[in-house]
Amino acid sequence: MLSAALLLVRYWAGLPLSRIGLHRWREWNSTERSYFVQTFLIANVIFSVVFADRLHAIVAGPSLWGHVGIVFATSFLWGFYQEVMYRGVLQTELVRRLGSWPGVLAANVLFTFGPLHFYHFHEPAPALPMFAGIFAIGLFFAVLFLRSGNLWMVGIFHGLGDSYIVGLSNNA
């Protein structure tokens, strides 16, 4: 789905991928590079500590590379795909049409309550805390993307979070 979305943006809509925030590394400024590297490293350390028991079970298991492949092939790319669709395509267009903050808020409401998270309405636990968390994290990513115009950062951070949170809980 990620490949299809990127191909549609590039060839059907006729837009360079940089228009949705996918800039080459050499085009990032030094602050973006520095923040990205620091945040990536810190997030991996924190997630590794928080999910140490699940990581230990996977490492001790017989199919380490199978689990790693499943986690990254599904969870990481799924998180990146969500950012392409909701930040790169939807938020970019809503900001262009509605202005910065109305566009960011509209895109984030659609991200939070849209089809990608709709299944939370059917969970036995109350959905409000889950939606509040999704909205808050989504708003952080939305503002980061609005300020930086860099979809790689939010896409990789979302994919990384999904890999640990969703991937490890489904594959441990």
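**View 1. Glu83 and His158 meet through their side chains.** In this predicted model, the side chains of Glu83 and His158 are joined by a polar contact of 2.5 Å. Glu83 sits in helix H4 and is buried, its relative accessible area coming out at 0%. Leaving out residues up to four places away in sequence, Glu83 touches Gly88, Phe111, Phe141, Leu151, Val154, Gly155 and His158.

**View 2. Arg87 is another buried residue of helix H4.** Here we stay on H4, where Arg87 is found. With a relative accessible area of 0%, Arg87 counts as buried. Residues up to four places away in sequence are again set aside; what remains in touch with Arg87 is Gln82, Thr92, Asn108, Phe111, Gly138, Phe141, Ala142, Phe145, Leu151 and Val154.

**View 3. Ile20, Val84 and Leu151 are the best-connected members of the largest nonpolar core.** This core has 19 residues, and those three touch the most other members. At least two residues apiece come from helix H1 (2–12), helix H4 (64–98), helix H6 (128–148) and helix H7 (151–171). H7 is the top contributor, giving 5 residues. Zoom in on Leu151 and, once its neighbours within four places in sequence are dropped, its contacts are Ile20, Gly21, Leu22, Phe80, Glu83, Val84, Arg87, Gly88 and Phe145. A separate core of 7 residues lies apart from this one, with Ala43, Ile58, Leu160 and Leu168 among its members. As a general backdrop, nonpolar side chains in soluble globular proteins tend to be buried together.

**View 4. Helix H2 keeps its buried residues on one face.** H2 covers residues 30–50; at 1.5 Å a residue its 21 residues should span 30 Å, and the end C-alpha atoms are indeed 30 Å apart, so the two agree. Buried along H2 are Glu32, Phe36, Ala43, Asn44 and Phe47. Looking down the axis of H2, the buried residues fall within an arc of 100 degrees, so they line one face of the helix. Ser30, Leu41, Val45 and Val49 are exposed on the other side of H2. At the start of the helix, Asn29 gets involved too: one of its side-chain oxygens comes to within 3.0 Å of the backbone nitrogen of Thr31.

**View 5. Phe47 and Phe51 make a tilted aromatic pair.** Across the model, the count of aromatic pairs comes to 13. For Phe47 and Phe51, the ring centres are 6.1 Å apart and the planes sit at 35 degrees, so this pair is tilted. Phe47 and Phe51 are both buried.

**View 6. Trp78 and Tyr81 stack along helix H4.** The rings of this stacked pair are 5.3 Å apart centre to centre, with 25 degrees between the planes. Trp78 and Tyr81 are 3 residues apart in helix H4, so about one helical turn separates them. An α-helix has 3.6 residues a turn, so residues three or four places apart point the same way. Trp78 is partly exposed, at 32% relative accessibility, whereas Tyr81 is buried, at 13%.

**View 7. Five aromatic residues gather into one cluster.** Trp25, Trp28, Phe36, Phe40 and Phe157 make up this aromatic cluster. Phe36 has already turned up in View 4, as one of the buried residues of H2.

Conventions: Residues numbered from 1 in each chain as written. Predicted model: local features only at pLDDT ≥ 70, side-chain atom pairs only at ≥ 80, totals over all residues. Heavy atoms only, no water. Core = buried A, V, L, I, M, F, W, Y, C linked by side-chain atoms within 4.5 Å. Buried < 20%, exposed > 50% of the residue type's maximum accessible area, 1.4 Å probe, protein only. Contact = heavy atoms within 4.5 Å. Expected span 1.5 Å × (residues − 1). Arc of directions from axis to C-beta. Polar contact = N/O pair within 3.5 Å; in protein donor to acceptor, adjacent residues only side chain to side chain. Phe/Tyr/Trp six-rings, centres within 6.5 Å; stacked < 30°, edge-to-face > 60°.
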